[in-house]
Amino acid sequence: MPSAKARDNKALVATCVACGKNFSPEAMVALAGRVEGRARSYPVCVACAEGGWRPPGFDGIYGYRPS
Ligand SMILES: [Zn+2]
């Protein structure tokens, strides 16, 4: 369930790192990658994630961003 804070803020958007479009955070997932030995989280839209986009060093976890 989205938080009341996120629902009230209509301007809140996040940019998909794969396609560069803006989405509401509820429409995105965070994929865990690894760059130079450090874990990184890559926000991508559901369409890109479902389409097979994966970040560099993707470690196999594909889950909805916790809210
Ligand atoms: Zn995308």
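In this predicted model, Gly33 stands opposite Arg40 in strand E4. One step along the ladder, the bridge partner of Arg34 in E4 is Ala39. These pairings belong to a set of 8 bridges that join E3 to E4, and the two strands run antiparallel.

The turn that links these strands deserves a closer look. The hairpin of E3 and E4 has 2 residues between its strands, and Glu36 sits in this loop, with E3 spanning 28-35 and E4 spanning 38-45. Glu36 is not a glycine, yet its phi is positive, at about 50 degrees. How buried or exposed is Glu36? Glu36 counts as exposed, because only 7 C-beta neighbours fall inside 10 Å and the cut-off for exposure is 12 or fewer.

Further along E4, the picture changes with Tyr42, a residue of that strand. Here the count of C-beta neighbours inside 10 Å is 22, so Tyr42 is classed as buried, the threshold being 20 or more. Leaving aside residues up to four places away in sequence, Tyr42 touches Val17, Ala30, Leu31, Gly33 and Pro55. Gly33 is thus a contact of Tyr42, besides standing opposite Arg40. Tyr42 can also be placed relative to Thr15: the two are 27 residues apart in sequence, and their C-alpha atoms are 9.9 Å apart in space.

Tyr42 is also a member of the largest nonpolar core, which has 9 residues: Cys16, Met28, Ala30, Leu31, Tyr42, Val44, Cys45, Cys48 and Ala49. Which elements each supply at least two residues of this core? They are E3, E4 and helix H2, the last covering 46-50. Two of the contacts of Tyr42, Ala30 and Leu31, are listed both among its neighbours and in the core. Cys16, another core member, touches Lys21, Phe23, Met28, Pro43, Val44, Cys45 and Cys48, when residues up to four places away in sequence are not counted.

Helix H2 also contains Ala47. Ala47 is partly exposed, because 15 other C-beta atoms lie within 10 Å, a value between the limits for exposed and buried residues. The C-alpha atoms of Ala47 and Met28 are separated by 8.6 Å, although the two residues are 19 apart along the chain. Met28 itself belongs to the core and is one of the contacts of Cys16.

Turning to the chain as a whole, its secondary structure comes to 2 helices and 5 strands, arranged along the sequence in the pattern α-β-β-β-β-α-β. The chain has 67 residues, of which 13% count as buried. Among contacts with a separation of 6 or more, 43% come from residues 24 or more positions apart.

Confidence in the prediction varies along the chain. The average pLDDT is 83, and 75% of the residues score at least 70. Where is confidence highest, and where is it lowest? Strand E2, residues 22-23, has the highest mean, at 96, whereas strand E5, residues 62-64, has the lowest, at 58.

Notes
Residues are numbered from 1 along each chain as its sequence is written. This is a predicted model: local features need pLDDT of at least 70, side-chain atom pairs count only at pLDDT 80 or more; totals for chains, interfaces and linings use all residues. Helices (H or I, at least four residues) and strands (E, at least two) are DSSP runs, numbered from the N terminus. A nonpolar core is a set of buried Ala, Val, Leu, Ile, Met, Phe, Trp, Tyr and Cys residues joined through C-beta atoms within 7 Å. Two residues are in contact if their C-beta atoms, placed from the backbone, lie within 7 Å. Two strands pair if DSSP finds at least two bridges between them. pLDDT is the predictor's confidence in each residue, from 0 to 100.
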